[in-house]
Amino acid sequence: MALDGCGACCKYILVIFNLIFAVVGFAFLGLGLWLRFSNSTRVIFEIEALNANAFVLGVTVLIVLGSVMLIVVMFGDYGACSEKRCALQVFTVLVAILALALGVVGFLAYSSRDTVGQKAAEFYNTMYGLYVNSGDAGIGVTLIFIHNLLHCCGLTGVSVIEIAQKTCPKPDGFFEHIKMPSCPGLISGAFESNAPVVMGIFLGTGALLGVVALLDQNHQRGPFSSH
């Protein structure tokens with residue numbers, strides 16, 4: 001059945017939101033699966049003593065989060081395109097749960113910012129060690145992204161002894177040709193000093209998801225089939 005102007009606008013907004021959500025979900029899931037089953041990283045999951053490692057936890061979170069996002073997208077796209085009220089109601093519930101979960105995670109990340117920073121640095125150290133031992137090109141690309149994002153260079157930052165020097169960004173100024181900031185300390189410090197920003201990102205994303213849930217509720221008021 002035809003939708004009014006507001007209903008049609010909500011429908012297109014939901015489709016665009018689901019498209020973005022799907023791209024991010026596939027990226028998280030793909031990266032998580034690659035880190036889980038790559039020949040360079042598989043050994044970490046096969047050694048029971050390392051199961052508490054931050055790297056294992058991070059990869060697991062990527063896989064689970066990517067899968068959940070794709071499930072949400074499936075219900076959202078099906079409900080928006082076929083105008084099935086039941087699918088849209090499931091989508092609304094899932095988005096509301098995600099919004100609440102993001103708010104809780106943001107608060108926990110802020111209250112435990114020291115631990116979160118240490119775990120993030122530990123995750124980086126594992127990635128760095130894997131790259132040094134295997135020279136895996138995929139892990140090298142990940143390090144290049146992290147190094148350029150944070151403008152840091154490996155474990156030491158000292159150009160003459162840094163093993164992963166070729167993954168580091170171009171130095172800014174004379175002194176950075178000798179030594180750049182090391183990444184583990186920068187990562188840990190970034191989480192501790194920017195904890196309010198991190199919490200704001202989580203809460204803001206949760207609020208955005210809440211708005212999407214409200215739009216979906218408005219979309220459901222259209223003349224949909226109840227099947």
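User: Leaving aside its neighbours within four places in sequence, which residues is V73 in contact with?

Analyst: In this model, which is predicted, V73 is in contact with N18, F21 and A22 once its neighbours within four places in sequence are set aside. V73 itself is found in helix α3, which covers residues 54-82, and N18, one of those partners, lies in helix α1, residues 5-37.

User: Is V73 buried or exposed?

Analyst: V73 counts as buried because its relative accessibility is 7%, and the cut-off for that class is under 20% relative accessible area. A further value for placing V73 is its separation from L94: the two are 21 residues apart along the chain, and their C-alpha atoms are separated by 9.9 Å.

User: What does N18 touch, not counting residues up to four places away in sequence?

Analyst: With those residues left out, N18 touches V72, V73, G76, D77 and F91, so the contact with V73 can be read from either residue, and N18 is likewise buried, with a relative accessible area of 0%.

User: How many helices and strands does the secondary structure of the protein come to?

Analyst: It comes to eight helices and zero strands, and the pattern read along the sequence is accordingly α-α-α-α-α-α-α-α. Of the 227 residues of the protein, 37% count as buried, while the protein exposes about 12,300 Å², of which carbon and sulfur atoms supply 71%. If one takes the contacts in the protein with a separation of 6 or more, residues 24 or more positions apart account for 70% of them.

User: What describes two packed helices?

Analyst: The general idea is that two packed helices are described by the angle between their axes and the distance between the axes. For helix α5 (residues 113-134) and helix α6 (residues 137-150), the axes come within 9 Å and cross at roughly 135 degrees. That angle makes α5 oblique to α6, and the crossing of the pair is left-handed.

User: Which residues of α5 and α6 meet?

Analyst: From α5 the residues are Y124, M127, Y128, L130 and Y131, and in α6 they meet I139, G140, T142, L143, I146 and H147. Sorted by class, this contact of α5 with α6 has eight nonpolar residues, three polar ones and no charged residues.

User: At what angle do α5 and α7 pack, and how far apart are their axes?

Analyst: The angle between α5 and α7 is about 155 degrees, and their axes are 8 Å apart. The two helices are therefore roughly antiparallel to each other, a term that applies to angles over 145 degrees, and their crossing is right-handed. On the α5 side the contact is made by R113, D114, V116, G117, Q118, A120, A121, Y124 and N125, and on the α7 side by C183, P184, I187, S188, F191 and E192. These residues of the contact of α5 with α7 divide into eight nonpolar, four polar and three charged.

User: Where does H151 lie, and what is its phi near?

Analyst: H151 lies in the loop between α6 and α7, the latter being residues 183-193. The phi angle of H151 is near 55 degrees, a positive value in a residue other than glycine. With a relative accessible area of 22%, H151 is partly exposed, whereas V73 counts as buried.

Definitions and conventions. Residues numbered from 1 in each chain as written. Predicted model: local features only at pLDDT ≥ 70, side-chain atom pairs only at ≥ 80, totals over all residues. Heavy atoms only, no water. Axes fitted to C-alpha atoms, helices over the stretch in contact; angles between N-to-C directions. Helix = DSSP H or I, 4+ residues; strand = E, 2+ residues; numbered from the N terminus. Parallel < 35°, antiparallel > 145°, perpendicular 65-115°, else oblique. Left-handed = near helix turned anticlockwise from the far one by under 90°. Contact = heavy atoms within 4.5 Å. Nonpolar A, V, L, I, M, F, W, Y, C, P; charged D, E, K, R; others polar. Buried < 20%, exposed > 50% of the residue type's maximum accessible area, 1.4 Å probe, protein only. Areas by Shrake-Rupley, 256 points an atom, 1.4 Å probe, with all protein chains shown as cover.
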